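Colleague: Before I go back to the bench, I would like to walk through this model with you, from the whole chain down to single residues. Could you take my questions one at a time?

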Amino acid sequence: MSRRRPRRAPAPILRPRWALPERAATPEPVWRARRAVLRSLGLGVAGALLGGGCEGLAGEHEEAGDQRGLGALPRARRPGSTIPDVYPAPRDPTYRVGRAITPARVAGGHNNFYEFSTDKERVAELAAGFASRPWTLEVAGEVARPGTFDVAALERSMPLEERVYRFRCVEAWSMVVPWTGFSLRALLARVEPTSAARFVRFVSAEDPTQMPGLRTQPWYPWPYFEALRLDEAMHPLAMLATGVYGRPLPPQHGAPIRLVVPWKYGFKSAKSVARIELLRSRPETFWSRLEPREYGFYANVDPATPHPRWSQARERLIDTGSEVPTLVYNGYGEEVAGLYPRGPSRPA
Ligand SMILES: Nc1nc2c(c(=O)[nH]1)N[C@H]1C(S)=C(S)[C@@H](COP(=O)(O)O)O[C@H]1N2
Ligand SMILES: [Mo]
């Protein structure tokens, strides 16, 4: 069943055994019933796409029917906007998940972004005015060509595409998200890591004037910081996302640029990244500094290794509430297991 990816040379195998088209994953009566509920609320499909502070994100836009009426929605890109007109980017059909895409309104209304709030339901409203454009991303450390990259320029120059990924939070909830962006390794290639580089560190923005959680929760070691081993960062699945649901990232999802590492728990995927550093040795991470026994450096999704306070064997899909078994490496084992000779939860 594995098939080589077309178009790109050092191709990973990205069609795992269990993959199904998203449509096949949701039984028809289920999605028909969902739509009937929306209709009865007088919302229709377009109505369902609004709210949650997402500013008119497209919803289950893989369905041709749902594209109708989108023109009437407010778009993130307004006249005079500094956001390049590159959305929606073409979807790469290689990335398949075997589950239905989580509606934009649900994903955009249930966020972990502690710089704003620990209340997932309030992040969208608190972050709504976050000024994320223009934005520069600095890349420094063990690289031959350090640089400061304008995010709009990256959106224009990088091979932007949409990828549907499973997303699994360590708190045992999950969703399925169509991210827009490019492989992190495309940016790393531009800066040319030196032979001494072994790890990549990500530092999120820290702006107390715009991020109320920084002021109200001074006990956290801000700014948020995360890291990957260089070979993990070079894996094609590791993505820098600048968009979601066919639109530029809204603030609550980490505007204007965030990491997405789909085989690891969500906390590895740092939002609103301001700085990337190539390092010789393994750095600390935000959560491992706070609770080293609960949040390790690797944090690969592993149903067999419980969190000290709860099982990771199952997860709850945030849109339907249904519980499903957690997949090792979040279902990306065929692609990434080779990075971990001793298994998902053993230090290499
Ligand atoms: N800067 C920053 N990045 C962050 C977080 C955060 O609090 N601050 N939370 C993480 C956690 S725990 C998760 S599950 C995801 C949530 O991403 P989403 O809101 O886009 O779904 O962001 C991750 N990245
Ligand atoms: Mo998370």
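Colleague: What share of the area that the protein chain exposes do carbon and sulfur atoms supply?

Modeller: Please keep in mind that this is a predicted model, and that the values I give are computed from it. The protein chain has 12 helices and 12 strands, and 55% of its 348 residues count as buried. The chain exposes about 14,700 Å², and the part of this area supplied by carbon and sulfur atoms is 55%.

Colleague: Among contacts with a separation of 6 or more, what percentage is accounted for by residues 24 or more positions apart?

Modeller: The count takes in contacts in the protein chain whose partners have a separation of 6 or more, where a contact means heavy atoms within 4.5 Å. Of these, the percentage that belongs to residues 24 or more positions apart is 72%.

Colleague: Which strands are the edge strands of the open sheet of 5 strands?

Modeller: The order of the strands in this sheet is E2-E1-E10-E5-E6, and the pairing is mixed. From one strand to the next, the twist averages 20 degrees. An edge strand here pairs on one side only, and the two that do so are strand E2 (147-150) and strand E6 (225-229).

Colleague: Which residue in E10 stands opposite Ser-204?

Modeller: Strand E5, which covers residues 199-204, pairs with strand E10, residues 273-279, in the antiparallel sense, and the pairing runs over 6 bridges. Within E10, the residue that stands opposite Ser-204 is Val-273.

Colleague: Which residue in E2 is the bridge partner of Glu-138?

Modeller: Strand E1 (residues 136-141) and E2 are joined by a hairpin through 5 residues, and the two strands pair in the antiparallel sense over 4 bridges. The bridge partner that Glu-138 has in E2 is Thr-148.

Colleague: Which residues of E2 point to one face and are buried?

Modeller: In a regular strand the side chains alternate between the two faces of the sheet. E2 shows such an alternation, with Thr-148 and Asp-150 pointing to one face and not buried. The residues that point to the other face and are buried are Gly-147 and Phe-149.

Colleague: Which residues come nearest to ligand 1?

Modeller: There are 20 residues around ligand 1, and strand E4 (residues 173-183) gives the most to this shell, with 3 residues. Those that come nearest are Tyr-114, Glu-115, Met-175, His-253 and Lys-271.

Colleague: How much of the accessible area that ligand 1 has on its own does the protein cover?

Modeller: Several polar atoms of the protein approach the ligand: a nitrogen atom of ligand 1 is 3.2 Å from a polar backbone atom of Asn-112, while an oxygen atom of the ligand lies 2.8 Å from a polar side-chain atom of His-253. In the side chain of Lys-271, an N or O atom is 2.6 Å from an oxygen atom of ligand 1. Of the 540 Å² of accessible area that ligand 1 has on its own, the protein covers 97%.

Colleague: In which loop is Pro-256 found, the residue joined to Ala-255 by a cis peptide bond?

Modeller: A cis peptide bond joins Tyr-87 and Pro-88, with omega about -5 degrees, and Pro-88 is found in the loop between helix H4 (64-67) and helix H5 (104-107). The bond between Ala-255 and Pro-256 is also a cis peptide bond, again with omega about -5 degrees. The loop that holds Pro-256 is the one between strand E8 (247-248) and strand E9 (258-260).

Colleague: Is Tyr-245 buried or exposed?

Modeller: Tyr-245 lies in the loop between strand E7 (239-244) and E8, and has a positive phi of about 50 degrees although it is not a glycine. Its relative accessible area is 0%, and since buried means under 20%, Tyr-245 is buried.

Colleague: Why does Ser-269 count as buried, and which residues is it in contact with beyond its neighbours within four places in sequence?

Modeller: Ser-269 lies in the loop between E9 and E10, and it counts as buried because its relative accessibility is 5%. Leaving aside neighbours within four places in sequence, the residues in contact with Ser-269 are Phe-167, Arg-258, Leu-259, Val-260 and Val-261.

Technical notes:
Residues numbered from 1 in each chain as written. Chains lettered and ligands numbered in written order. Predicted model: local features only at pLDDT ≥ 70, side-chain atom pairs only at ≥ 80, totals over all residues. Heavy atoms only, no water. Buried < 20%, exposed > 50% of the residue type's maximum accessible area, 1.4 Å probe, protein only. Areas by Shrake-Rupley, 256 points an atom, 1.4 Å probe, with all protein chains shown as cover. Pairing = 2+ DSSP bridges. Axes fitted to C-alpha atoms, helices over the stretch in contact; angles between N-to-C directions. Near = heavy atom within 4 Å. Polar contact = N/O pair within 3.5 Å; in protein donor to acceptor, adjacent residues only side chain to side chain.
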